[in-house]
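Subject: Structure for your review

Hello,

Here is the structure we discussed, with its sequence. My notes on what was found in it follow below.

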Amino acid sequence: MKKYISYGILLPAALVLAACTAKPAVKSIEERIAEVLPQLTIEEKVAMTHAQSKFSSRGVPRLGIPEVWCTDGPHGIRPEVLWDDWNQAGWTNDSCTAFPALSCLAATWDREMGLLFGRSIGEEARYRKKDVLLGPGVNICRTPLNGRNFEYMGEDPYLAGQMVVPYVKGVQENGVAACVKHFAVNNQETRRTSTNSVVDDRTLYEIYLPAFEAAVKEGGAWAIMGSYNLWNGEFNCHNKRLLCDILKGEWGFDGVVVSDWGGCRDDDQAITNGLDMEYGTWTNGLRGAPSDSYNNYHLADPYLQRIADGRVGTTELDDKATRILRLIFRTSMSAEPHYGRFNSPEHYAAAREIAAAGTVLLQNRGSLPLSVPDGGRLVVIGENAVKKMVVGGGSSNLKTKYEITPLEALREAFPNANVVWERGYVGDVSTSYNRVSTGQDLSDPRPADKLLADALAAIEGADAVIFVGGLNKSANQDNESTDRLSLSLPYGQDGIIEALAEKVPGLIVVNISGSPVAMPWKDKVNAIVQGWYGGSETGHALADVLTGAVNPSGRLPFTFPASLDDGPLKTERQYPGIQVEGEQWWQEYYDEGVFVGYRWYGSKGIPVCFPFGHGLSYTTFEYGDATLSKSSVRSDGQIRLSLEIDVKNSGERDGSEVVQVYVAPPAGKVERPAYELKGFEKLFIPAGKTGKATINLGSRSFSRFDAEAHEWVVDPGKWRIFVGSSSADIRSEAVLEII
Ligand code: BGC
């Protein structure tokens with residue numbers, strides 16, 4: 001007998017079931033804001049606009065609106081600090097995965113790595129219940145001396161813009177806001193809170209803003225941090241032109257502007273000039289003050305007082321509260337729950353992969369990849385082979401679960417060799433920062449001549465010798481709040497390298513730093529590797545590249561000049577700034593304009609130690625001919641074209657090549673850099689195979705900023721399009737006629 005289903009019974013049951021399982025219509029963030037904002041009192045709104053502790057600001061408990069919690073950033077989640085003190089709180093569950101510093105991420109020239117980095121650090125932030133990650137930093141490397149270059153993404157606005165976008169997206173996928181910093185023209189640490197950067201509009205728009213613009217317009221960043229310095233005579237944490245006109249006006253930024261810690265300096269401008277949330281280094285802005293006096297902040301009692309006595313209205317306050325609510329609804333009160341992950345094996349694997357992908361093989365005359373016979377002797381010289389460097393450097397200081405040093409990793413990589421270490425020099429013996437300690441004892445009583453003699457004795461009978469030195473994160477090196485004093489390596493390392501090179505023809509030098517250093521011994525050594533502050537997995541990543549387990553594919557994100565004198569900053573007024581009569585603040589003139597980094601060296605034909613974009617591989621690549629999808633375009637329409645080029649891996653190992661596209665303008669009325677990076681693609685190509693790079697170019701690729709007209713313009717004429725393996729190694733060329 002056939003069974004009939006009675007729809008008469010099933011239908012109502014299905015409806016009930018559907019009604020029970022159907023999700024209630026989710027209100028949009030804007031609807032939620034519209035509902036909540038009118039319920040807030042003036043006091044509640046003001047309370048949300050300033051800090052209540054070192055890293056948090058108040059919510060509205062009456063309405064179940066949570067506090068906002070921030071954390072540094074940008075390459076790991078900072079250990080918890082005390083409520084009103086910078087020392088760590090001593091928690092035992094806040095040791096994070098330390099990812100590589102951002103100069104390393106930029107050196108990967110790989111957007112996928114940007115996304116992996118952002119996702120992984122975003123997960124760690126979410127797990128730690130942080131709503132705002134104070135990073136990434138995208139200030140341009142204007143001088144190799146800037147103490148914070150290691151936290152930024154190099155000297156080129158296009159590269160930094162391309163790398164910041166996936167990072168921001170990855171972080172924000174986790175319901176954590178990326179807070180892109182430090183907005184803007186904050187390119188040195190010397191007198192960072194009392195220097196006015198004098199930069200013309202063209203330079204501002206072409207060099208110093210594009211990475212921020214990309215983070216906002218393409219990355220959709222939910223937060224921006226103002227910088228400590230002034231631009232155009234106004235402090236940048238409440239700089240009307242930067243924040244109201246450009247960021248929120250021209251770019252349509254709908255997130256929050258957060259002050260740098262203590263960067264808010266004026267009661268009135270804090271209200272009117274685009275700042276939304278004020279945080280502090282001390283409880284009274286930048287100055288030491290009685291503790292726990294957050295009510296003294298510019299956006300606290302002084303704000304309430306101004307509203308009470310009618311000096312200001314509440315329009316700005318409503319805008320700030322709207323933006324803060326939007327931040328909260330995007331993060332801790334997001335309709336989509338996020339839980340995060342902390343210290344997962346995947347995060348450590350990501351840290352290792354990014355650190356290896358960013359490691360740059362600068363020179364190789366045959367010593368690499370490294371092989372040491374079983375029972376052989378590998379001698380490692382240099383402090384950076386053993387010094388743990390996740391700790392230190394300023395606000396990016398981290399406490400990590402573990403940090404693999406280069407020496408440990410080399411011992412692991414060559415278990416059957418005798419891996420011997422000698423220090424060679426004593427540099428920085430400090431092992432703790434804000435009470436986070438590496439647990440190492442780096443003291444060494446030997447004088448310099450004994451250290452060198454011991455190193456030279458150790459290399460006797462060596463099968464291979466590696467020097468691992470460079471900078472570290474102590475004052476006047478790669479460190480917040482101070483700049484470096486010279487381009488040279490510290491602690492007499494140049495002399496030690498020269499002495500080793502005299503005895504070891506195959507010497508391998510590994511430089512660990514976050515900014516360019518001078519290498520006067522370059523021609524005397526066999527191989528040079530640029531490593532970075534690689535985080536928890538730094539040693540493994542370096543050993544992966546040295547041994548060839550990973551074929552190097554990093555490219556320099558900034559030029560390594562031969563000497564500082566060759567660079568564009570020639571005068572004190574350019575760097576580090578001067579005092580000018582009648583001016584309250586130090587003045588620093590960006591007289592070099594857009595000629596920063598390779599834009600300077602390339603245009604002037606000045607030889608450098610290693611050029612921007614440079615990096616070798618253990619295989620070789622042959623470029624075909626570049627072809628453009630169009631040979632001519634109109635200057636007054638939307639330009640859209642693509643460039644294609646075949647690249648063959650002509651060697652015997654699989655490897656990745658970074659195909660770089662630079663555009664060279666025709667001669668015109670305005671002086672322009674000889675060529676500028678406008679596209680790149682990292683291609684993985686198996687040995688013997690050919691890959692194809694396809695790179696899109698648009699109007700912006702050919703534009704310069706016309707300050708008078710306040711718009712981007714394209715100059716007609718014959719444009720040369722260079723395709724190469726670095727800014728100084730052009731392999732193919734095409735011509736585009738712009739009419
Ligand atoms: C730094 C910021 C950092 C903040 C909080 C400031 O001194 O400039 O980059 O996010 O402190 O630690």
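**Helix packing**

Helix α7 (residues 201-208) packs against helix α9 (residues 240-250) at an angle of about 55°, and their axes are 14 Å apart. Please keep in mind that this is a predicted model. Angles of 65 to 115 degrees count as roughly perpendicular and those under 35 degrees as roughly parallel, so α7 and α9 are oblique to each other. The crossing of α7 past α9 is right-handed. On the α7 side the contact involves D201, L204 and Y205, which meet R241, I246 and E250 of α9. Sorted by class, this contact of α7 with α9 has 3 nonpolar and 3 charged residues, and no polar ones.

**The six-stranded sheet**

The model has an open sheet of 6 strands, and its pairing is mixed. Read across the sheet, the order is β1-β2-β3-β4-β6-β9. The edge positions belong to β1 (56-57) and β9 (256-258). Each of these two has a single partner strand, so one side of each is left without a neighbour in the sheet.

Starting from the β1 edge, the details are as follows.

- β1 pairs with strand β2 (residues 68-71) in the antiparallel sense, over 2 bridges. In this pair, S56 stands opposite W69 of β2.
- β2 and β3 run parallel and are joined by 2 bridges. Here T71 has L133 in β3 as its bridge partner.

A helix also lies over this sheet. Helix α12 (residues 315-330) lies across β2, β3 (132-133), β4 (177-183) and β9. Relative to β9, α12 runs at about 100°.

**A β-α-β unit further along the chain**

Strand β11 (residues 377-381) and strand β12 (residues 418-422) pair in the parallel sense, with 5 bridges between them. One of the residues involved is V380, whose bridge partner in β12 is W421. Together with helix α14 (residues 406-413), β11 and β12 make a β-α-β unit, and the unit is right-handed.

If you want to look at one place in each part, these would do: L204 of α7 in the contact with α9, the pair S56 and W69 in the sheet, and the bridge between V380 and W421.

Regards

Definitions and conventions: Residues are numbered from 1 along each chain as its sequence is written. This is a predicted model: local features need pLDDT of at least 70, side-chain atom pairs count only at pLDDT 80 or more; totals for chains, interfaces and linings use all residues. Side-chain values use heavy atoms; hydrogens and water are left out. Two strands pair if DSSP finds at least two bridges between them. Helices (H or I, at least four residues) and strands (E, at least two) are DSSP runs, numbered from the N terminus. A crossover is right-handed if, with the strands pointing away from the viewer, the path from the first strand over the helix to the second runs clockwise. Axes are lines fitted to C-alpha atoms, for helices over the stretch in contact, and angles run from 0 to 180 degrees between N-to-C directions. Angles under 35 degrees count as roughly parallel, over 145 as roughly antiparallel, 65 to 115 as roughly perpendicular and the rest as oblique. A crossing is left-handed if the near helix is turned anticlockwise from the far one by less than a right angle, and right-handed if clockwise. Contact means heavy atoms within 4.5 Å. Ala, Val, Leu, Ile, Met, Phe, Trp, Tyr, Cys and Pro count as nonpolar, Asp, Glu, Lys and Arg as charged, and the others, Gly among them, as polar.
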